[in-house]
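Reader: I am new to this structure. Please walk me through its surface and overall build.

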Amino acid sequence: LPDELNNVNGYDATVAQNTNVNWLDQVLREGVYRDVSLSGSSASEKTSIYGSLSYRNEQPVEIGRNYQIGNARVNAQLKPSEKFNLGANIALALISDNNLGDYFSKAQSSALPIYPIYQPSQPELYFNGFNTFNRNVGTNPLFEMDNFKNTTKTTRNTSTVFAEYTPIAGLALRTEWAYDLQTNFNDQISTRLLFPAAAQNVGARGIGNGQSQTRRFQSNAWNANNTITYGRTFKETHSFTGLIGSSILNTQSQGESIIAEGFAFDYENVLGGTATVLNPSRSQFRFASLFSRFNYNYNKKYFAEVSARIDGSSRFSKENRVAKFGGASLGWAISEENFLKDVSFIDYLKLRASYGSVGNSEVPTDFPYVSTFNLTDSEILYANFNGATFGFLGNRLLGWETTNQANLGLDFNL
């Protein structure tokens with residue numbers, strides 16, 4: 001038997017020989033879920049509306065886990081005249097996730113069958129809960145399940161509204177605005193039994209006696225798109241379509257992480273602790289674009305298209321913030337030529353070629369050109385102050401990743 005368990009709480013070799021616990025039966029159950037949904041719609045000559053509600057409750061096979069999500073959605077469209085078109089799409093999601101931890105792995109590995117569930121000397125207490133021998137949590141998954149809470153609640157709202165105006169035939173003016181708001185609240189609580197004063201703590205001051213961790217995160221993003229599209233066909237053979245537009249994306253995120261210890265009672269929030277660590281964070285990102293696209297085809301036989309855009313990202317320094325991209329393509333529908341009209345086994349044959357460049361501004365942080373440092377919380381202070389470490393070494397030369405691509409292809413249908 002391990003030294004830290006032998007002759008502890010009445011446990012010895014005799015008890016071990018007479019113990020045969022199936023730990024998987026203690027942490028697993030039959031998984032079930034429930035789904036409920038309701039939807040309805042109505043439409044008239046000028047209006048249409050659709051709404052839906054749904055709810056799902058999942059209880060997975062691991063005891064203690066629970067996932068619930070509720071969704072509500074409304075889509076509405078109004079056409080007050082032949083030239084105007086208005087619409088809105090609104091969605092709301094509420095999520096609750098209880099995740100006590102990965103006790104399945106412990107039940108099939110470190111929780112041995114010769115370990116009893118309860119202490120032989122005190123059957124009302126769990127055996128091998130918090131192990132004072134190595135100042136760490138033991139192998140009993142039921143002890144952790146009863147002394148730990150981990151709940152995450154998420155709220156997300158996505159909304160889009162648009163308006164479209166067609167003053168003359170072929171010309172369409174469209175504006176669209178979208179908003180995405182998401183909040184996450186995570187609370188983790190370890191009781192004084194699971195996290196006593198003897199516990200090793202790497203996240204806070206190390207006084208133990210219960211621990212509460214609270215994390216709050218909120219992100220909001222809005223996106224505005226405006227486009228002007230014009231299309232026209234001349235003499236039934238020349239077709240032209242042009243589009244110009246702009247797009248702006250703005251995202252903000254902020255959060256905080258609070259760790260507290262030293263509680264007089266179990267399952268208190270961070271306000272009840274005597275040692276608290278606060279780690280706030282905040283970030284912002286903006287992306288703006290101007291773009292255009294023009295295409296032409298003659299008698300649905302010869303095709304040409306050109307596109308160009310200018311993109312700007314706040315993730316790069318002023319010297320590298322803006323980049324230009326573009327492309328062009330040509331196509332020839334050979335099957336529309338007279339010399340192939342009588343070839344019965346060819347339904348469609350088109351030769352196409354294109355060349356263009358695209359950009360990528362996805363980098364790990366929102367300000368990679370700025371050097372940052374992190375304040376560190378430690379049990380060891382210097383002159384009553386915490387220290388600081390480099391978090392990220394900025395690079396002002398960092399800029400857009402550009403990919404140039406050429407394509408040559410043959411499309412056919414036999």
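Reader: Which strand gives the largest share of the nonpolar patch?
Author: This is a predicted model, where local features need pLDDT of at least 70, side-chain atom pairs count only at pLDDT 80 or more, and totals for chains, interfaces and linings use all residues. Residues are numbered from 1 along each chain as its sequence is written, and side-chain values use heavy atoms, with hydrogens and water left out. Strands are DSSP runs (E, at least two residues), numbered from the N terminus. The largest share, 3 residues, comes from strand 11.

Reader: Which elements give two or more residues to the nonpolar patch?
Author: The patch covers about 980 Å², and its residues include Phe84, Tyr165, Phe234 and Tyr302. Two or more residues each come from strand 9 (211-234), strand 10 (238-261), strand 11 (275-298) and strand 12 (302-313).

Reader: Is Phe234 buried or exposed?
Author: Phe234 lies in strand 9. Buried means under 20% relative accessible area, exposed over 50%, and partly exposed in between (1.4 Å probe, protein chains only). Phe234 has 38% relative accessibility, so Phe234 counts as partly exposed.

Reader: What is the radius of gyration of the protein chain?
Author: The radius is taken over C-alpha atoms, and the globule rule is 2.2 Å times the number of residues to the power 0.38. For a compact globule of 414 residues, a value near 22 Å would be expected, but the protein chain has 32 Å.

Reader: What does the C-alpha trace span, and how many of the residues count as buried?
Author: Along the principal axes, the C-alpha trace spans about 100 × 55 × 45 Å. Of the 414 residues, the buried share is 29%.

How values were computed
Patch = residues over 30% accessible without salt bridge, like charges linked within 9 Å, V, L, I, M, F, W, Y side chains within 5 Å. Areas by Shrake-Rupley, 256 points an atom, 1.4 Å probe, with all protein chains shown as cover. Salt bridge = Lys/Arg side-chain N within 4 Å of Asp/Glu carboxyl O. Helix = DSSP H or I, 4+ residues; strand = E, 2+ residues; numbered from the N terminus.
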